[in-house]
Amino acid sequence: PVVYDRRTYSDFVVAFGINNAIIEGQSLNDSPYELGGSRFFEMGVAWRTRVFQHSNFMRFSYGFSFQFNGLNPKDNQYFVATGPETTLETFPTDLRKSKLRVDNLVVPLYFEFGPSKVTRTETKLRYSIRNQFRVGIGGYGGFNLSTRQKLKYDQNGERVKDKLKRG
């Protein structure tokens with residue numbers, strides 16, 4: 001009998017890049033965050049399972065990732081939580097560094113559609129989605145692990161480093 005390809009594959013996920021946020025009605029040039037200093041990093045594991053026994057056209061993808069998102073405000077600003085809103089405000093002294101980091105656990109769940117290259121021999125059948133166009137439909141859910149703000153400044157001739165942590 002022909003031995004079909006295994007139904008579930010796992011992949012290690014690594015992603016990194018630049019973060020920013022645009023305020024409604026403004027452009028990226030008006031953003032209050034440093035473009036190069038605001039970054040993200042993600043790492044995790046993802047699984048992909050064939051839905052049908054004898055076809056690889058549809059796959060169910062799932063997994064988990066840890067995401068670390070950072071924003072560095074410009075113009076001597078820092079984040080202030082006032083009730084349900086968090087706003088940017090000007091710090092009373094000159095800041096040497098202002099940074100917000102948000103850590104999340106994210107769980108993707110989605111269906112992936114697309115063709116596969118099929119390799120057949122007399123005893124085996126293998127599917128490959130490498131270099132194939134794919135479309136996914138589903139969603140991501142997750143929760144916040146921690147929120148940290150780091151402020152560095154000089155006060156009365158001393159260097160001060162404040163680390164504020166919230167859930």
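Buried means under 20% relative accessible area, and exposed means over 50%, with partly exposed in between. These cut-offs return below, where single residues of this predicted model are described.

## The sheet

Start with the strands. Six of them form an open sheet in the order 2-3-4-7-10-11, and the pairing is antiparallel. Strand 2 (8-18) and strand 11 (158-166) stand at the edges. Each has a single partner strand, so one side of each is left without a neighbour in the sheet. On average, neighbouring strands of this sheet are turned by 20° against each other, direction ignored.

What holds such strands side by side? Strands of a sheet pair through backbone hydrogen bonds, either parallel or antiparallel.

Now follow three of the pairings. The table gives the bridges that join the strands, which run antiparallel in each row.

| Strands joined | Bridges |
|---|---|
| strand 2 and strand 3 (residues 39-52) | 11 bridges |
| strand 7 and strand 10 (residues 135-155) | 18 bridges |
| strand 10 and strand 11 | 9 bridges |

Opposite residues help to locate each pairing. Ser 10 stands opposite Trp 47 in strand 3. Ser 98 stands opposite Leu 151 in strand 10. Arg 148 stands opposite Lys 165 in strand 11.

Strand 10 and strand 11 form a hairpin, with 2 residues between the strands. In this hairpin, Asn 156 takes a positive phi near 55°.

## Met 58 and its contacts

Met 58 is found in strand 4. Is Met 58 buried or exposed? Its relative accessibility is 16%, which is under the 20% cut-off, so Met 58 counts as buried.

Which residues is Met 58 in contact with, leaving aside its neighbours within four places in sequence? One group is Thr 49, Arg 50, Val 51 and Phe 52. The other contacts are Phe 111, Glu 112 and Phe 113. Take Glu 112 as an example. Met 58 and Glu 112 are 54 residues apart along the chain, yet their C-alpha atoms are separated by 5.7 Å.

## Aromatic rings

A search of the whole structure finds 11 aromatic pairs. One of them is formed by Phe 41 and Phe 68. This pair is stacked, at 6.4 Å centre to centre and with 15° between the planes. The pair links distant parts of the chain: Phe 41 lies in strand 3 and Phe 68 in strand 4 (residues 55-71), 27 residues apart. Phe 41 has a relative accessible area of 34%, so it is partly exposed. Phe 68 is partly exposed as well, with 27%.

Tyr 78 and Phe 91 also form an aromatic pair. Here the arrangement is edge-to-face, at 5.0 Å centre to centre and with 90° between the planes. This pair, too, links distant parts of the chain. Tyr 78 is in strand 5 (residues 77-82). Phe 91 is in the loop between strand 6 (85-90) and strand 7 (95-113), 13 residues apart from Tyr 78.

Why does Phe 91 count as buried? Its relative accessible area is 11%, and buried means under 20%, so Phe 91 meets the cut-off. Tyr 78 is buried too, because its relative accessible area is 18%.

Rings can also gather in a cluster. Trp 47, Phe 60, Tyr 62, Phe 64, Phe 66 and Phe 111 form one aromatic cluster. Two of these names have appeared before. Trp 47 is the residue opposite Ser 10, and Phe 111 is one of the contacts of Met 58.

Definitions and conventions. Residues are numbered from 1 along each chain as its sequence is written. This is a predicted model: local features need pLDDT of at least 70, side-chain atom pairs count only at pLDDT 80 or more; totals for chains, interfaces and linings use all residues. Side-chain values use heavy atoms; hydrogens and water are left out. Two strands pair if DSSP finds at least two bridges between them. Helices (H or I, at least four residues) and strands (E, at least two) are DSSP runs, numbered from the N terminus. Axes are lines fitted to C-alpha atoms, for helices over the stretch in contact, and angles run from 0 to 180 degrees between N-to-C directions. Rings of Phe, Tyr and Trp (its six-membered ring) pair if their centres lie within 6.5 Å; planes under 30 degrees apart count as stacked, over 60 as edge-to-face and the rest as tilted. Buried means under 20% relative accessible area, exposed over 50%, partly exposed in between (1.4 Å probe, protein chains only). Contact means heavy atoms within 4.5 Å.
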